Amino acid sequence: MSNIITPTRSDEFAKRLKKRYAAERRFKLAGLSAIVFSVGVLIFLLSSMTFNGISGFQRAELAVPINVAEAGIATNAEQLSLGSAVQGLQAQGLADVVQFAAVQSLGEEGAAELSTQAWRDVASDLIANPSLAQRSHTFNLPASADLAAGLNNEGSPELQVLADRLESDGVLSENFDFGFLQRSDATDPQLVGIWGALKGSILTMIVTLLMAFPIGVLAALYLEEYAPKNRWTDVIEVSINNLAAVPSIIFGLLGLAVFLWLFPNFRSAPLIGGMTLALMTMPVIVISGRNAIKAVPPSIRDGALAVGASPIQVVFHHVLPLALPGILTGTIIGMARALGETAPLLMIGMRAFVATPPDGFTAPATVLPVQIFLWSDEIDRGFVERTSAAIIVLLLFLLLMNGLAIYLRNKFEKTW
Amino acid sequence: MTVIHPNLKQTDAKMRASEVSVYYSDKKAIDEVSIDIPSEYVTAFIGPSGCGKSTFLRTLNRMNDTIPTARVEGLIELDGEDIYTSAMDVVQLRARVGMVFQKPNPFPKSIYDNIAYGPRIHGLAETKDDVDEVVERSLRRAGLWEEVKDRLADSGTALSGGQQQRLCIARAIAVDPEVILMDEPCSALDPIATAKIEELIADLSGRYAIVIVTHSMQQAARVSQRTAFFHLGKMVEYGKTSDIFTNPIEQRTQDYITGRYG
């Protein structure tokens, strides 16, 4: 009688076993190389960005000693504390004083490469610390963009020579630019800052969160807990799933057509931007919220109902607290996507050149990704580093936001 | 039709079901069951899997309302009041008819909050002292006080399975119900924990009307004074537990308790 099934102690069986193990090893190796590849790409991305971005946080500055009081500019502490202090200093000819001092210390050639807006830095330093006006103080003032390029051995040869000479004299150097985090957009890469865009992003995200989170969670709760399962709820479910996959620029068009039609005066405002992004974020929150609510064990609902909790008490005392970590995860994903979104905001005018930080939800503003997009389009060489620096700020903001959400999620996570 | 054992003297019923049928969509899960549930005894529902005993139990405090396709016909009364009319508030009904489930399902909250939840939502205990008292009394009645009194703030889910089930019983009695329904309360527990629950049921009977669904005939014999045998959605036989187990009238009951099927 012939054996149809080979006994497990045969050579063929051992051979097949070997093959099976080899397949497993190959699969493991493939998985490992995929991980190594993605980690490598990530490291490359982060390091190149950090490397470029670090110089974006610095700027070429010229050291200019100025004795403001001696130059005949009246600067008492009281005057400097007024809101109009900058205009007051301008009227007294601070710009000329700065220019004259620069010619004295740097020579005609060097002074010509001082940024035309350098006197504003002097003014803000004086306002921050009025005692600087009473003696000779060396201010670090922004050089022109051309000289900054020269310092990096780029741009015209004459300026490269000048930059080398000023550097060896010890008056031209790359300094950390705290002002980058305080100023807003400008045409000169030496004078730009990220604060305007950062504040715009924060305001926009607040509007998005305040709109998308409650509406999304309420919609998810209603659909999961109260809505009857019929054709209408099926249609709603399919629509929500489709909405989550709609290209973001379509939401921008919607914002343009609906929100700007309703509020024509709020073009470029974080309010409109936030509302547009909320539309985009809501489906993500609804979908993840429904899944999280579905995952709450029915036994908990039964337990609560059996002691006589009303449906709304079941939802708010038991279902929602247990679903919250999952809902927050969805919210993080949605908000992170909204934070990095550019296209819909272009449609509602948030790509405008905004030189002052927005002072409210209805003031014209731009946001970080749009600012990055705008700077990457600039011709001036100095904007390359500034763009990288802005990307770093965006990523840090993203990390901060996600970190907060993960902290909240872990806080609400229940174990059983 | 149902055979009522001749030895059974029908006393005043706490709950009375008359010709109750339950449908899931079009499928009939319970077929015209009529039963009187006495207030002073433990009533056991026995029968093979899928015979509808749990379904019937869940109609007694309208837990079937949560299943959209379920439909109940017939009359179920609690102290003579129809529980399926709009005059009977379902929240109030469930406060009067508590339930303990097959799998222990404590809330993922502290032991204290598990017990205090019911009294709090019903406003039965206003002050902190009142709630403390209700918690202690309920835990004592459930025989859990000595084991957990030093860790009331710990999560209820950190207890062992048997302790969790006793916590659920304590949670049910914290709102001072009139009837407690138990749906196979020991099926997920080991023999020692089971013995403790059975002891507890004996302690609680008399104070509350208890209805227990069980797979185990021995358990029914041990804890109950009345037994109803269900088969294929029908109640086959109902009578004193001793009569059902020693002197069944129906052939199907006889076959089931002697282990021919089930």
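Q: What makes residues of chain A and chain B count as in contact in this predicted model?
A: The test is C-beta atoms, placed from the backbone, within 7 Å. By that test, 16 residues of chain A are in contact with 21 residues of chain B. Helices H12 (298-306) and H13 (311-339) of chain A each supply at least two residues of the side of chain A that touches chain B. H12(A) gives the most to that side, with six residues.

Q: How do you know which classes of residue make up the side of chain A that touches chain B?
A: Sort that side by class and you get seven nonpolar, six polar and three charged residues.

Q: Why are E2(B) and E5(B) called paired strands?
A: Pairing takes at least two bridges. Eight bridges join E2(B) to E5(B) (residues 70-78), so the two strands pair, and they run antiparallel. One of the partnerships is Tyr23(B) with Arg71(B) in E5(B).

Q: What makes E2(B) and E3(B) a pair too?
A: Again the bar is at least two bridges, and E2 (residues 13-24) and E3 (residues 27-38) of chain B have eight, in the antiparallel sense. Ala13(B), for instance, stands opposite Pro38(B) in E3(B). The two strands form a hairpin with two residues between them, and Ser25(B) in the turn has a positive phi of about 50°.

Q: How do you know that Val211(B) touches Phe45(B)?
A: Touching means C-beta atoms within 7 Å, and Phe45(B) is among the residues that Val211(B) touches, as are Ile37(B), Leu57(B) and Met182(B). In the largest nonpolar core, of 141 residues, Ile210(B) and Val211(B) touch the most other members. Apart from that core lies another, of 34 residues, including Leu132(A) and Leu166(A).

Methods: Residues numbered from 1 in each chain as written. Chains lettered and ligands numbered in written order. Predicted model: local features only at pLDDT ≥ 70, side-chain atom pairs only at ≥ 80, totals over all residues. Contact = placed C-beta atoms within 7 Å. Helix = DSSP H or I, 4+ residues; strand = E, 2+ residues; numbered from the N terminus. Nonpolar A, V, L, I, M, F, W, Y, C, P; charged D, E, K, R; others polar. Core = buried A, V, L, I, M, F, W, Y, C linked by C-beta atoms within 7 Å. Buried ≥ 20, exposed ≤ 12 C-beta atoms within 10 Å, placed from the backbone. Lists of a residue's contacts leave out its neighbours within four places in sequence.
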